[in-house]
Protein chains: 2
Amino acid sequence: MSKNLTTRSEDYSKWYNELVVKADLAENSGVRGCMVIKPYGYAIWEKMQAELDRKFKETGHENAYFPLFVPKSMFEAEEKNAEGFAKECAIVTHYRLKNDPDKPGKLMVDPNAKLEEELIVRPTSEAIIWSTYKGWVQSYRDLPLLINQWANVVRWEMRTRLFLRTAEFLWQEGHTAHATKDEAIEESEKMMNVYAEFAENFMAIPVVKGLKTETERFAGAEETYCIEALMQDGKALQAGTSHFLGQNFAKAFDVKFANKEGKQEYVWGTSWGVSTRLMGALVMTHSDDKGLVLPPNLAPIQVVIVPIYKTDEQLDEISVEVNVLIAELKKLNVSVKYDNRTTQKPGFKFAEWELKGVPVRIAIGPKDLENGTFEVARRDTLTKEVQSKEGISTYINDLLVQIQEDLFNKALNYRDSHITEVNSFEEFKEVLNDKGGFVSAHWDGTAATEEKIKDLTKATIRCIPLDRLEEAGSCVFTGAESKGRVLFAKAY
Amino acid sequence: MSKNLTTRSEDYSKWYNELVVKADLAENSGVRGCMVIKPYGYAIWEKMQAELDRKFKETGHENAYFPLFVPKSMFEAEEKNAEGFAKECAIVTHYRLKNDPDKPGKLMVDPNAKLEEELIVRPTSEAIIWSTYKGWVQSYRDLPLLINQWANVVRWEMRTRLFLRTAEFLWQEGHTAHATKDEAIEESEKMMNVYAEFAENFMAIPVVKGLKTETERFAGAEETYCIEALMQDGKALQAGTSHFLGQNFAKAFDVKFANKEGKQEYVWGTSWGVSTRLMGALVMTHSDDKGLVLPPNLAPIQVVIVPIYKTDEQLDEISVEVNVLIAELKKLNVSVKYDNRTTQKPGFKFAEWELKGVPVRIAIGPKDLENGTFEVARRDTLTKEVQSKEGISTYINDLLVQIQEDLFNKALNYRDSHITEVNSFEEFKEVLNDKGGFVSAHWDGTAATEEKIKDLTKATIRCIPLDRLEEAGSCVFTGAESKGRVLFAKAY
């Protein structure tokens, strides 16, 4: 199977597209720009959801659900937000089909069923949610509102790619309302940190935490915090954002509260989200030319066991040993699959589970039976070793922890060796083209320079790292004053 | 708080609408026919989801996700299905807004951004899913496909009511594909049984299992299995359906497989779903004039503890006892809330938690401190008793089990005493109007009679019960031959 996979060095982009489809994560649908998330891919997404949901609840948030549609007048209330999304939104204009009199068996839009006001399919839910919050907030006692929603959203992207950029995608969007500016800023930072911990500790994806420049900021936000990851081709990927909305939406939707002194004030807001885009980040951070490599925390199947046998008697004997092992592993909450299909050869199975990124493969044949051993293979390093069956389940359990850690460290090494400080625009272009990754450079703080650099190099400012040194320098492009380095990169 | 709640005898419908809003389950949104599910309501829905999802996985199903939109040509492929949903669907015709030149600051649909083909917002996903299955099925080895999706769907209902009938609602939809007719029928029946067990054992809602008549069948199905519940006002509510689709969608989307003999055959299908409508059934089955009554299995908060005190010292002493109890209850996986707000009086708190349906309320005051007791009140029976603190946590845990059981039995008694056999049309009308509930009557099996009865009485055939006696009789309306009784009722 993996023989058919294009390699990363041949064509990284093609490798990605093929892998997503061949590993049964997702595929393009018959609807322009929309994907089908297949069961294996969805099982990974469910693990992400469960862990994120746990973290949100742990930090005091509750889930709720708001409408899919936003009436046009509501959509346009916050002008910057509307402007940012107006160019790429799906619009419902009618509510009925009727039989087409000219084409028997065909339907047509019924012109008599035109909506009085058009409905926008939510590209993000600030408008609908803040219009609701108006009814929920009267006094400081009603604050904070700490609410999250799991939902689908639609952005009419012209050029789409599975998981990375699709017209419809799945995400969660948190929307909170606070009595003070400080509390709202603290919330935005807290959720950025929740995302960073999730990416690093659960997905084994190292990220840089930072602030977006004004150009890259969310439409309608005062400040956008982000986590930025680096893919194996040296391109960056924005893995999550958390916005401090100031009082913009409160003003647009007239959401006020009586403070302790009884005075009316506008509420302060945040919003934050991660999406099925993380699936793309997962694939591109860890996988290799043989297929997916999944961190154990996210693998729907953590261990696959393949019997090697010639006769039915051998298979029976093997199965006795395997069933003992499966019971032990299940006790340790390891998810395990026994691939005892009789229709496929071991080699085929090995390739299939490699393609699907199962972290650990255990093989057992007649020799292992004699010796009381199993062959244990790691997907990430493609190494294998023979292990005694004594204590094997604990060994496997520990190995899964080790693999999770090793994957993170490998990605971290790659990422750290791909942050390059440059001090001239020549160097900037050279590093960007030859090596890729994050280019750390001084910038004069203007949108004009940012745009010129983008036009010339396709690199954008991914973020102003939160932990950057405050150091005087001069802009790599204009030579003007700079207070510290920012990270540029080509990005997904 | 509950003082403001309309009583059931005053106006059942008003009671329901008020209760859903006042208990913080849901509210109408600024979008016609669409609701906002509030955190307390959503927490109940999450519990339903978790239990259903567990049951689906236990029966071999996997989750996946398919697009929100269905292109018109795909939508119309299965004619009966299309016909059934064409009259009430939201249609996307454009993909961009632009600034309105006549109205500064306002947006308008960009006429240059008209879609070549209109997209229907899914009212149900058979079309998009079967168009996908075509690519997934080649051989009998690819079958069965056992897939479920959690999603939002849109049906442009003209008269909407929170949870019961909304333009957008949340649901799960299972879509399976099988090699044989028998297997598909078995699957439809299995999922009807899963729903029935869920309704009865988890939601404490007794249901009748049955088949729909042709008139009431899902558009595009060969047979629709259903579970029907009875609300306290004597009206029935369809709580879940499971459809045997025959080869209808396989033929519409050309989904064939090579059987073991290598011959091409059409695949057999099923689909099945339950929705946020179950929230309405939950409210209307158990609740009373004081507010919600929640079965412990579904209650976001199972136990609330209210301190009764005059001085801060008393509150401190009470809190010491309460914290011990909370720790014990948490060990038993009981979800508990300590309502130690200093801004509200006990009476206010009692009424609030009654309104919100918390199954057990524990109060503790200075006398209880002296005597080593707690006052334990049941929400369902509105009774209370004093219990020693010794063994109290086990007592509470057992009590929750008992309440769950009692709620089911109470609803079962009501339901069973509201299934009335009638043998004349006079009697039919009398029972329907005076007593309500299910009217069990012989019917001649024709759609014409069914329709006439509906026109005259507003009662529809809720189902042909699976466990009905096969007995000869004569139709209550026409006198023609009948093979057994069916259940009529007015319905939600």
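A salt bridge here is a side-chain nitrogen of Lys or Arg within 4 Å of a carboxyl oxygen of Asp or Glu. Keep that one handy for the exercises below.

This is a predicted model, where local features need pLDDT of at least 70 and side-chain atom pairs count only at pLDDT 80 or more, while totals for chains, interfaces and linings use all residues. Residues are numbered from 1 along each chain as its sequence is written, chains are lettered from A and ligands numbered from 1 in written order, and side-chain values use heavy atoms, leaving out hydrogens and water.

**Exercise 1. Count the salt bridges, then look at two of them.**

Step 1. Over all chains, the rule gives 64 salt bridges.

Step 2. Take Lys134(A) and Asp254(A), whose side chains meet in a salt bridge at 3.1 Å, N to O. This pair links distant parts of the chain, 120 residues apart: Lys134(A) sits in helix H5 (residues 126-136), and Asp254(A) in the loop between helix H7 (248-252) and strand E14 (256-258) of chain A. Helices (H or I, at least four residues) and strands (E, at least two) are DSSP runs, numbered from the N terminus.

Step 3. Now go to the interface, where 4 salt bridges are counted between chain B and chain A. In one of these cross-chain pairs, Lys57(A) meets Glu46(B), with the closest N and O atoms 3.2 Å apart.

**Exercise 2. Describe the interface of chain B and chain A.**

Step 1. Start with contact (heavy atoms within 4.5 Å): 61 residues of chain B touch 60 residues of chain A.

Step 2. Add the buried area, meaning the accessible area (1.4 Å probe) that two parts lose on being put together, summed over both. That comes to about 5,100 Å², and carbon and sulfur atoms give 68% of it.

Step 3. Count polar contacts: pairs of N or O atoms within 3.5 Å, where within protein one must be able to donate a hydrogen and the other to accept it, and residues adjacent in sequence count only if both atoms are side-chain atoms. The rule finds 30 residue pairs across the interface, both partners at pLDDT 80 or more.

**Exercise 3. Trace the sheet that runs through both chains.**

Step 1. Write down the strand order: E4(A)-E8(A)-E5(A)-E5(B)-E8(B)-E4(B), an open sheet of 6 strands with antiparallel pairing. Two strands pair if DSSP finds at least two bridges between them.

Step 2. Find the edges. They are E4 (69-71) of chain A and E4 (69-71) of chain B, each pairing on one side only.

Step 3. Walk in from the chain A edge. E4(A) pairs with E8(A) (residues 114-121) over 3 bridges, and Pro71(A) has Leu119(A) as its bridge partner. E8(A) also pairs with E5(A) over 3 bridges; there, Leu119(A) is the partner of Val92(A).

Step 4. Cross over to chain B. E5(A) (residues 91-94) joins E5(B) through 3 bridges, running antiparallel, with His94(A) opposite Ile91(B). On the chain B side, 3 bridges join E5(B) to E8(B), and Ile91(B) stands opposite Ile120(B).

**Exercise 4. Explain what is left open in the 11-stranded sheet of chain B.**

Step 1. The order is E3-E9-E10-E16-E13-E12-E11-E24-E27-E23-E22, in an open sheet with mixed pairing.

Step 2. E3 (62-63) and E22 (419-421) of chain B stand at the edges with a single partner strand each, so one side of each has no neighbour in the sheet.

Step 3. For a pairing inside this order, try E10 (residues 168-178) and E16 (residues 268-275) of chain B: they are antiparallel over 8 bridges, and His178(B) has Trp268(B) as its bridge partner.
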